[in-house]
Structures are given as C-alpha cells and as structure tokens.
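Please open the model in your viewer and keep the sequence panel beside it. The stops below are meant to be taken in order, with a selection to make at each one.

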Amino acid sequence: MQFGRSYEEFEVGATYRHWPGKTITEADDHLFCLITMNHHPLHLDANYAETTTQFGKNVVVGNLIYSVLLGQSVPDVSGKAIANLEIESLRHVAPTFHGDTIYGETLVLDKWESRSKDDRGVVYVETKGYKQDGTVVCIFRRKVMVPKQSYLDARGGEQPGRPVPSS
C-alpha cells in the first residue's frame with residue numbers, strides 16, 4: 001500500500017479519492033469536543049439543539065470533520081511530507097450530523113520545486129469532504145512540502161527508519 005507520494009509522483013489536475021469513509025458517531029463528536037475543550041451546547045446538548053437551533057439536532061463540530069478529512073488524505077497526499085506549510089482556506093459549507101459518513105477527495109492544483117533546496121518541492125492541493133448523499137460539507141486548501149525521490153533515497157528509501165528484524 002502506498003503511503004504518500006514523492007514530488008515526482010504528483011501531477012497537476014490529478015484527483016485522489018480517499019478510502020474508506022468514516023461514519024461519525026455521537027461518541028466521536030463528544031470525545032473530540034471534550035478533548036479540544038469546545039463545550040458549545042450545539043454539539044453536546046440535545047435539548048438545546050432540538051429546541052433553539054435551526055437544525056433541530058446536534059451538529060458535529062466542524063474541526064472534527066476537517067481532522068477526519070486531513071487524516072483520510074494522508075496515505076494519498078502527505079504520508080511522505082516533510083512539512084505541512086499552510087492551510088490557506090477552510091470552509092464548512094454544510095452541517096454534519098451524528099450518523100453521517102464522511103468521504104473525501106483531493107485535487108492537485110499546482111506544484112513547484114523548492115527555491116532553496118533541490119531535494120524537495122511544494123504541492124498545492126484542495127480537499128473536499130462530502131456526506132453519503134454527496135452533499136459537500138468541508139473544503140480546504142493547503143500547501144505541503146514533499147520530498148523528491150533523491151531525498152527519500154538518501155534516507156533509506158520507501159520506508160526510512162524501518163528496522164530489519166533480527167534473527
């Protein structure tokens with residue numbers, strides 16, 4: 001299984017469809033809210049959400065959706081990354097609810113070689129997340145510094161740092 005790509009493997013215009021999807025449970029949402037200290041009742045209080053919001057039920061916290069999509073993209077996009085340089089934009093365009101399944105795909109918008117080091121480059125991508133019915137819920141653009149093959153070769157190849165089993 002491929003885990004990330006070298007600079008040479010990215011093509012402008014390529015789309016990577018991330019697999020598998022992730023069904024977001026109430027437990028996922030509540031745990032994420034508690035870990036990040038986001039105690040907004042829209043996410044945690046069913047009575048509040050049902051009686052005082054336009055949605056009529058709890059909405060999954062947006063940063064959980066972003067985090068799931070970012071994680072889904074790692075095997076296709078940033079698994080070999082040297083650094084995530086920038087999140088240029090992040091838009092939550094529709095709500096996600098408990099029980100929704102999130103799928104993602106990433107489009108390569110552009111790429112360019114590093115001006116300061118010849119063993120790496122930058123890949124500019126846009127990731128879209130959507131629910132099981134196709135409704136787009138989240139879109140973000142980011143710049144990722146990725147190694148060229150020469151960088152990987154100098155550090156142990158495809159899986160640098162992986163030990164060899166002893167007899």
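What follows is a tour that begins with the whole chain and then moves from one selection to the next.

**The whole chain**

Bear in mind throughout that this is a predicted model. Colour the protein chain by secondary structure, and five helices and five strands can be picked out, which follow one another along the sequence in the pattern β-α-α-α-α-β-β-β-β-α. Taken along the principal axes, the C-alpha atoms fill a box of roughly 60 × 45 × 25 Å. Of the 167 residues, 38% count as buried, and among contacts with a separation of 6 or more, 71% are made by residues 24 or more positions apart.

**Two backbone details**

Select Trp-19 and Pro-20 first, where the peptide bond that joins them is cis, with omega at about 0°; Pro-20 belongs to strand β1, which covers residues 15-23. Then move to Met-37, in the loop between α1 (26-36) and α2 (41-44), where phi is positive, at about 65°, although the residue is not a glycine. Is the side of the chain at Met-37 exposed or buried? Met-37 is exposed, since its relative accessible area is 66%, and the cut-off for that term is over 50%.

**The crossing of α1 and α4**

Show α1 and α4 alone, and look along the line between them: their axes come within 9 Å and cross at roughly 105°, so α1 is roughly perpendicular to α4. At this contact Asp-28, Asp-29 and Phe-32 of α1 meet Asn-63, Leu-64 and Ser-67 of α4, a set that divides into two nonpolar, two polar and two charged residues.

**The nonpolar cores**

Next, select Ile-24, Leu-64, Ile-65, Leu-69, Ile-102 and Cys-138, which have the most contacts inside the largest nonpolar core, a group of 14 residues. At least two residues of this core come from each of α1, α4 (62-78) and β5 (136-147), with α4 giving the most, five residues. Apart from this core lies another, of nine residues, among them Tyr-7, Tyr-16, Val-108 and Val-144.

Return to Ile-24 and display its surroundings: leaving aside neighbours within four places in sequence, Ile-24 is in contact with residues including Val-60, Leu-64, Ile-65 and Val-68, and also with Phe-97, His-98, Gly-99, Asp-100 and Ile-102.

**His-43**

Select His-43, which is found in helix α2 and is buried, because its relative accessible area is 9%, against a cut-off of under 20%. Which backbone oxygen does the side chain of His-43 reach? The partner is Val-59, whose backbone oxygen is reached at 2.6 Å. Not counting residues up to four places away in sequence, His-43 also touches Asp-29, His-30 and Cys-33, as well as Asn-38, Asn-58, Val-60 and Val-61.

**Thr-96**

The last selection is Thr-96, placed in the loop between β2 (83-92) and β3 (101-113), and although it sits in a loop, Thr-96 is buried, with a relative accessible area of 3%. Beyond residues up to four places away in sequence, Thr-96 touches Val-59, Val-60, Ile-65, Ile-102, Lys-131 and Val-137. To finish, draw a C-alpha to C-alpha distance from Thr-96 to Thr-135, which are 39 residues apart in sequence and 9.6 Å apart in space.

Technical notes:
Residues are numbered from 1 along each chain as its sequence is written. This is a predicted model: local features need pLDDT of at least 70, side-chain atom pairs count only at pLDDT 80 or more; totals for chains, interfaces and linings use all residues. Side-chain values use heavy atoms; hydrogens and water are left out. Helices (H or I, at least four residues) and strands (E, at least two) are DSSP runs, numbered from the N terminus. Buried means under 20% relative accessible area, exposed over 50%, partly exposed in between (1.4 Å probe, protein chains only). A nonpolar core is a set of buried Ala, Val, Leu, Ile, Met, Phe, Trp, Tyr and Cys residues joined through side-chain atoms within 4.5 Å. Contact means heavy atoms within 4.5 Å. A polar contact is a pair of N or O atoms within 3.5 Å; within protein, one must be able to donate a hydrogen and the other to accept it, and residues adjacent in sequence count only if both atoms are side-chain atoms. Axes are lines fitted to C-alpha atoms, for helices over the stretch in contact, and angles run from 0 to 180 degrees between N-to-C directions. Angles under 35 degrees count as roughly parallel, over 145 as roughly antiparallel, 65 to 115 as roughly perpendicular and the rest as oblique. Ala, Val, Leu, Ile, Met, Phe, Trp, Tyr, Cys and Pro count as nonpolar, Asp, Glu, Lys and Arg as charged, and the others, Gly among them, as polar.
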